[in-house]
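Work through the exercises below with the sequence and the model side by side, attempting each task before reading its solution.

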Amino acid sequence: MSILAYSVVAWLFLIGMYGVVTSRNLIAMVICLSVSQSATDVLILEIGYVHGGSAPVFVDLTRRPGPTVDAIMQALSLTDVVLGAAVSALLLALAIQVEKRTGSLDPDDLRTTHRLPW
Amino acid sequence: MAVPLGAAALLAGAERYLGRIGRDITALAAATATAVLAAIALNDSTHRPIVYWFGDWLPERGTVIGVDYVVDPMGGGLALLAALLSFGALVYSQRFFSGTGGRYPALVLVFLGASIDFAWTGDLFNLFVAFELVAVVGFILTGYYASEEAPLQGAINFAVTNTVGGLILLMAVTILYGRTGTLNLAQMGQQLAGHRPDGLVAVALAMLGAGFLVKAAVVPWHFWLPDAYGTAPAPTCVMFAGVLSELGLFGLARVWETVFSGVVTGPAEQHIRLVFGALGILTALVGTVMAMVESYGRRILGFVVVAHMGLYLLGFAVLRTVSLGGVALLAAGDGFTKAALFLAVGVLRRRRNETGGRPLRGSGGRVGVAVGVVAFGALALADLPPFASSVGKDIVVSGAGSAAALIEVIFVITSVGTGGAILASAARVWRGDSSGENSPAEEQAESGGTPVAVLLLVPAVLLLACGLALGLLPDIAGRAVRAAAMFSDRRNYVASVIDGRMASAGPRLKAPGVSITSLLGDGAEAVGAVAFAALLLSAKRLQGALGAATVLLRKLHSGHVADQVTWSLAGLATLAGLLGVAFR
């Protein structure tokens, strides 16, 4: 079971990266990047998972004693989600600027770094 | 760290209420205060690292529960460097961006705060967060001329490759947490020490390495750097060249010394040394060759940064304390020099934009000063004594032991090649042979006041002077080596974090003395750089041959983001494979 869970991580990461490499559209590229990002979230949650554990709300422990899942890992994945949102928002903003400037969203239309002034 | 972040929030939030003067004063005061505080922290940490637990969550019976900052001389020095550079960038940007409001200085200050967080934190996840914060601010700063194409492309390449690097890094953090059950660097090292390194440790090290080396722009993870540095505004490049790339290597060194140095020992350590050393040599050579064949000033500087990162990685790969001190000194000295170079090139570019690419010769004393900064900076990068780079290089070589000859050769090739490339390019612009292409939007954004304002030149000259002064400080070599000794002393690091005191007095290391021969050698390198520049300029056939020989290499650097990601992943796979073999 846990092998399957970890393969999901590898699959999500690789398929996302494949998407980033092959996309012909900046927005699709950003979406693929977030697919890869969700792989890290899944990995974080898997590492913090305790079999049969309940949610780490410690005031409830007196009523329902037992193991809880790892709260630190949940905090990490929250932070990661926030970071991912920031990066996606920024890239999408850049994509809008690219569209305004060149009228296209294909990353290949953008190869202009070689025609720079000194 | 709180000072720059607080001031940044103030600047961004209260933009409307502060006048222009108020904004400038707030930003500069924040940078100055940060520099002073960083200097105090650096001074206090000379003998033992300062450990600070947030919210007083002290370790309980040897188990870490809180999040800590550990300030040692190395991290303190990096923070001071970042503060000084951001001061220079802020002064320069006063004139550079007229009418951008408080947002630009605010971003520079956030960048500064995040860099300091990165340098001081003792917690692996905090390290990752600072890494991402630095990166995100970096993307914004690169794409500041959002209405232009080239910076947009630079920002997108930078953002995509560095986000991929960040994801890889985060996975490594998670894997290490799964193995050790802690995020504190000291405790992690304690948990791992003494065990046989297994596959999981190899994978974690490879992923951490790849994540940090994306930021440090080591081949094959370097493709984004010339695109970003070649297009970002000049004051942004100051922060990037002096701090950003070094942070990547600093992160790798920090994690290596605190977490992995206890578990990876013996032959495995030797093999890893080989892997990182080979990467360093490859990076230095690729960066040098590309700097020679590139024709645009700022992209040349970008490749020079790549070549230097290769040298630092090579020095780190020696994994000897003395060399690490040399690398730190080299990085600081070069950081100042490269920052000054970027600023001076920015000034020259403005000038050329205004005059439509006429030769710069005979256009007044201030342009002359800028050209002088470029020339002197190039010589300083070619190890002209007594700049800090020269002292640092001598320490690296003297600590290298049996590999000293090889390292010396690589250093000479890189310094002569890159110094010569910068000088040749500057000379071409001075005579006005290369054709510049104007970019109207950028010209508009940069327009303001007199052609070359004194305020634009002052930071460039000052930063160059800092690089010079650093080399002349009494006993600077000894200080650097002692700082490195404390940085790489894992036992004492763990003891001061977990028990709150040093376990033993650190090893007393003596800095190698400066010999006349090494000084002469460095001087010869500088002369060699000048000769090489003359050769590049006069021998057109040589240029043709260089161009023909590097067609393939130049095609690789075409700025195609999908290629860059593919190379990053291929690099990760190769590194993991090599480390797997190394651990057998």
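**Exercise 1: Burial and contacts in the two chains**

Of the 584 residues that make up chain B, 64% count as buried, a residue being buried if 20 or more other C-beta atoms lie within 10 Å of its own, exposed if 12 or fewer, and partly exposed in between, with C-beta atoms placed from the backbone. This is a predicted model, in which local features need pLDDT of at least 70 and side-chain atom pairs count only at pLDDT 80 or more, while totals for chains, interfaces and linings use all residues. Residues are numbered from 1 along each chain as its sequence is written, and chains are lettered from A and ligands numbered from 1 in the order in which they are written.

Task: state what share of the 118 residues in chain A is buried, and describe the contacts of each chain.

Solution. In chain A, buried residues make up 31% of the 118 residues. Two residues are in contact if their C-beta atoms, placed from the backbone, lie within 7 Å. Among contacts in chain A between residues at least 6 apart in sequence, 51% join residues at least 24 apart; in chain B, residues 24 or more positions apart account for 83% of the contacts with a separation of 6 or more.

**Exercise 2: Helix 24 of chain B**

Task: compare the expected and modelled spans of helix 24 of chain B, then locate its buried residues.

Solution. Helices (H or I, at least four residues) and strands (E, at least two) are DSSP runs, numbered from the N terminus. The expected span is 1.5 Å times one less than the number of residues, so the 22 residues of helix 24 (residues 561-582) of chain B should span 32 Å, and the 31 Å between its end C-alpha atoms agrees with this. Its buried residues include B:V561, B:V565, B:L572 and B:L579. Because the buried residues fall within an arc of 155° when helix 24 of chain B is viewed down its axis, they line one face, the arc being that of the directions from the helix axis to the C-beta atoms. The face turned away from the buried side carries the exposed residues B:A570, B:A573, B:G577 and B:V581.

**Exercise 3: Confidence**

Task: identify where confidence in chain B is lowest and where it is highest.

Solution. On pLDDT, the predictor's confidence in each residue from 0 to 100, chain B has a mean of 74. Confidence is lowest in helix 17 (residues 440-446) of chain B, at a mean of 40, and highest in helix 8 (residues 199-216) of chain B, at 86. Where pLDDT is low, the predicted coordinates should not be read in detail.
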